[in-house]
Amino acid sequence: MKLLHAPNYTIRVIRESTSEDVPLCEVMIAGAPAGKILQGAVLAAALRWQDYVLLFITDDVPFEEGLNIYLLDPELNVTDYARMYFMYSTGVFSNLDLTQDDMVRFHFLGEKVWTLRLFARRKFALPLMAPRLGVHRPLSFFRSFQLSAESTPLTREHEG
């Protein structure tokens, strides 16, 4: 099933970011509180895939932006999660590409194109394998999506 925008999903900030606390928000569906609290302050994208919702929520912290990626099941349980950040790095979520049925491409953290591939069924994953630099995931033996990155042509010119 193709990824589609989910405009009826929004968020409401319930705790602003401070030097001691991360921002928190509540998921809203068609303007009504859904009772689900997640980390983040700005909804960058809400997408539907099969019976799931994929939310991209930034922290709204200048010069150290973080991106929280949540895959929620129909009951709004988090089935998979990734957090992207790198200390003292500016991250701007942009160039969302939904041309593949099970894949999302976007820019965040430097001159890289990130790819998020969704799995029809959870896949076994060794939690001991090091994730990509800047990507943080909870300890789990199963994943519902995979994140990868590739350099843009402009970055490759400077690397070589």
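The protein has 13 strands and one helix. This is a predicted model. Read from the N terminus, the elements run β-β-β-β-β-β-β-β-β-β-β-β-β-α. The strands thus come before the helix in the chain order.

Next, the overall figures. The protein has 160 residues, and 42% of them are buried. Its accessible surface comes to about 9200 Å². Carbon and sulfur atoms account for 56% of that surface. Contacts also reach along the chain. Take those between residues at least 6 apart in sequence: 43% of them join residues at least 24 apart.

Now zoom in on one residue, N68. It is found in strand β7, which covers residues 67-72. Is N68 buried or exposed? Its relative accessibility is 0%, and buried means under 20%. N68 therefore counts as buried.

What does N68 touch? Leave aside residues up to four places away in sequence. The list then includes Q39 and G40. L55, F56, I57 and D59 are also in contact with N68. So are Y81, A82 and R83.

One of these partners, Y81, deserves a second look. Y81 and N68 are 13 residues apart along the chain. Their C-alpha atoms are separated by 7.4 Å. The side chains of N68 and Y81 are joined by a polar contact of 2.9 Å. In N68, then, a residue of strand β7 counts as buried and has a side-chain polar contact with Y81.

Conventions:
Residues are numbered from 1 along each chain as its sequence is written. This is a predicted model: local features need pLDDT of at least 70, side-chain atom pairs count only at pLDDT 80 or more; totals for chains, interfaces and linings use all residues. Side-chain values use heavy atoms; hydrogens and water are left out. Helices (H or I, at least four residues) and strands (E, at least two) are DSSP runs, numbered from the N terminus. Buried means under 20% relative accessible area, exposed over 50%, partly exposed in between (1.4 Å probe, protein chains only). Contact means heavy atoms within 4.5 Å. Accessible areas come from the Shrake-Rupley method with a 1.4 Å probe; for residues, only the protein chains shown count as cover. A polar contact is a pair of N or O atoms within 3.5 Å; within protein, one must be able to donate a hydrogen and the other to accept it, and residues adjacent in sequence count only if both atoms are side-chain atoms.
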